[in-house]
Number of protein chains: 2
Amino acid sequence: MAAGASGPRARYREQTRAEIKQIALGQLAEGGTAAVALTRIAKEVGLSGPALYRYFDSRDALLSDLIRDAYADLGAAVDAAARAYPADGTRRARLQTLAAAVRAWAVAEPHRYLLIEGTPVPGYTAPPDTLDGARAVLGPFLACFEGAEPAAAMRPLVQQMAQWAAEDAAVGAWARSGVGAGGEGTALAGAVLTWTQLHGAVGLEVSGQFRGMGHDGGTLLTVQMDALADSFGLDRPSQRPHRPPVL
Amino acid sequence: MAAGASGPRARYREQTRAEIKQIALGQLAEGGTAAVALTRIAKEVGLSGPALYRYFDSRDALLSDLIRDAYADLGAAVDAAARAYPADGTRRARLQTLAAAVRAWAVAEPHRYLLIEGTPVPGYTAPPDTLDGARAVLGPFLACFEGAEPAAAMRPLVQQMAQWAAEDAAVGAWARSGVGAGGEGTALAGAVLTWTQLHGAVGLEVSGQFRGMGHDGGTLLTVQMDALADSFGLDRPSQRPHRPPVL
DNA sequence: TCGCTTCTGTTAGAGACTATAACTAGAGGG
DNA sequence: CCCTCTAGTTATAGTCTCTAACAGAAGCGA
């Protein structure tokens with residue numbers, strides 16, 4: 001819908017914007033957020049300095065666009081994983097699959113993941129779409145908690161989430177999009193916990209803080225998700241042969 | 001040892017350095033890492049521009065110092081909580097207490113916490129003391145897992161950690177400083193999981209990504225730590241009345 | 001006490017970057 | 001076919017990091 005492309009001019013404009021963003025991504029990959037400089041982008045794209053301001057209001061606007069794209073991309077990856085997951089699979093395995101999809105995307109594009117989940121340090125500009133983006137990524141996780149039976153330890157959070165779903169109609173509807181009515185609190189609690197643990201595990205791994213430690217990020221995440229599945233009583237743990245995934 | 005203070009000159013130097021750091025902390029609190037500017041610090045401290053380079057080699061050096069201090073401070077807070085915790089208390093409650101101490105520090109000084117756990121975006125300069133700092137913060141958590149009996153889901157991670165402790169003598173000794181011999185893998189796994197989940201929960205809360213969601217950070221962290229304690233078989237869950245902590 | 005050394009501070013300036021202002025040429029649309 | 005709006009230009013202001021060259025003063029040993 002955003003296309004529009006009312007004429008050849010708009011088309012060319014979109015093309016230039018895309019080129020700018022691509023070069024920005026390159027700089028991001030090389031030196032992090034701080035390395036994204038409009039002047040250098042301009043030089044590389046063959047324009048001169050201020051011309052870029054025809055395409056992006058400011059450096060922050062460009063970064064916000066990159067964040068938006070990254071969220072969309074990650075969301076698509078999770079969505080694809082959810083779509084590919086067999087309908088008759090266990091909820092536990094679904095949770096593992098989706099979590100692994102997030103991690104795989106993050107490991108493949110560390111800089112973009114840091115852009116998303118990173119602390120809003122650069123210009124302290126909290127992009128407002130962050131919430132929507134996170135919600136889109138998290139959506140497919142809701143269904144993992146269909147009919148879950150959370151352990152006692154989970155109760156306080158489940159209660160708070162149920163109340164939230166009751167007070168905010170949009171949130172309630174969103175939660176019900178993943179699980180049947182009545183399970184909103186559980187599903188929201190599960191999704192938020194998943195998000196939090198993903199943020200912790202993947203964020204630390206991607207930012208290199210696990211280097212030199214005796215474990216690999218995949219195992220850590222698998223273990224965490226497994227424990228989370230236990231906490232929500234997802235399926236039977238049954239017999240889990242524990243060979244760590246070969247990364 | 002670091003004192004030295006061989007003369008009045010060194011004393012004055014230390015004083016000026018402290019003043020610079022304090023002003024930098026103020027700027028950090030107002031606008032994040034990006035807002036810390038040497039020129040403005042100089043203006044505020046009554047010096048002129050390049051004079052600051054007599055006290056810090058570069059802007060990054062100043063930030064590294066702030067990071068070092070923050071780690072030390074957080075470590076001290078955790079240590080104090082550990083020291084204040086009764087020797088005959090349960091390991092589960094100890095875990096909750098230490099985790100709450102970390103969160104309390106982070107909530108009280110969000111900018112400094114973000115400086116620590118934040119992604120290395122600004123200059124992409126990974127300060128090498130990060131590892132030591134994290135280890136100091138994590139140390140007191142080791143003892144929470146004394147004699148723990150990890151659930152099946154934890155096994156892969158425990159195994160990896162045990163191997164790590166076996167291969168790296170220093171790590172093994174560190175782990176044994178918290179728990180008796182034989183429990184290294186379990187303790188390390190517990191500590192790393194705690195760190196990861198703390199990072200996730202506290203980082204998201206402090207960076208404001210929970211705003212507008214129907215839960216409070218304290219409950220989320222409590223629930224997570226409780227589930228973690230379950231996963232490691234710490235004490236008896238017994239009867240937990242679940243009133244959420246009033247924040 | 002004298003004089004050397006070292007430390008602390010200064011101004012000047014190079015270089016990178018964001019962003020605005022004023023202006024120009026040309027492409028599209030009515 | 002002309003008029004307008006757009007995409008580009010150069011010039012410029014202002015901020016920031018960091019280096020260079022230099023000046024004054026405090027400390028220290030003989």
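User: What makes the pairing of B:Arg59 with DNA strand D a polar contact?

Analyst: In this predicted model, a backbone N or O atom of B:Arg59 lies 2.8 Å from a phosphate oxygen of DNA strand D. A polar contact is a pair of N or O atoms within 3.5 Å (within protein, one must be able to donate a hydrogen and the other to accept it, and residues adjacent in sequence count only if both atoms are side-chain atoms), so the pair formed by B:Arg59 qualifies. Local features here need pLDDT of at least 70 and side-chain atom pairs count only at pLDDT 80 or more, whereas totals for chains, interfaces and linings use all residues; side-chain values use heavy atoms, with hydrogens and water left out. Residues are numbered from 1 along each chain as its sequence is written, and chains are lettered from A and ligands numbered from 1 in the order in which they are written.

User: Which other atoms of chain B reach a phosphate oxygen of DNA strand D?

Analyst: A polar backbone atom of B:Thr39 is 3.1 Å from a phosphate oxygen of that strand, and a side-chain N or O atom of B:Arg40 is 2.8 Å from a phosphate oxygen of DNA strand D.

User: What makes a residue count as near DNA strand D, and how many do?

Analyst: One of its heavy atoms must lie within 4 Å of the strand. By that rule 21 residues surround DNA strand D, the closest being A:Arg54, A:Tyr55, B:Arg40, B:Tyr53 and B:Arg59. Of the strand D atoms that come within 4 Å of the protein, 64% belong to sugar or phosphate and the rest to bases. Helix α1 (8-31) of chain A, together with α1 and α2 (38-45) of chain B, each supply at least two residues of the surface near this strand; helices are DSSP runs of H or I with at least four residues, numbered from the N terminus (strands being runs of E with at least two).

User: How do you know which residues and atoms meet DNA strand C?

Analyst: There are 20 residues around DNA strand C, and A:Arg40, A:Tyr53, A:Arg59, B:Arg54 and B:Tyr55 come nearest. Sugar and phosphate account for 59% of the strand C atoms that come within 4 Å of the protein. A phosphate oxygen of strand C lies 2.8 Å from a backbone N or O atom of A:Arg59, and another such distance, 3.3 Å, leads from a phosphate oxygen to a polar side-chain atom of B:Tyr12. A base nitrogen of strand C, in turn, lies 3.4 Å from a polar side-chain atom of A:Arg9.

User: Which part of chain A does UniProt annotate, and how is it folded here?

Analyst: The unreviewed UniProt entry places the feature "DNA-binding region" at residues 37-56 of chain A; such annotations may be inferred rather than shown by experiment. Over residues 37-56 chain A is 40% helix and 0% strand, with the end C-alpha atoms 13 Å apart.

User: What is the area buried between chain A and chain B, and what does that term mean?

Analyst: Buried area is the accessible area (1.4 Å probe) that two parts lose on being put together, summed over both. For chain A and chain B it is about 4,500 Å², of which carbon and sulfur atoms give 68%. Between these chains there are zero salt bridges but six residue pairs in polar contact, both residues at pLDDT 80 or more. The side of chain A that touches chain B draws two or more residues from each of α5 (110-117), α6 (129-142), α7 (155-167), α9 (184-206) and α10 (217-231), and α9(A) gives the most, with nine residues.

User: Why is the pair A:Arg17 and A:Asp65 called a salt bridge, and which helices hold the two residues?

Analyst: A salt bridge is a side-chain nitrogen of Lys or Arg within 4 Å of a carboxyl oxygen of Asp or Glu, and the closest N and O atoms of A:Arg17 and A:Asp65 are 3.3 Å apart, so the pair meets the criterion. A:Arg17 lies in helix α1 of chain A and A:Asp65 in helix α3 (residues 59-84), so the pair ties together parts that are 48 residues apart in sequence. The structure holds 26 salt bridges over all chains.
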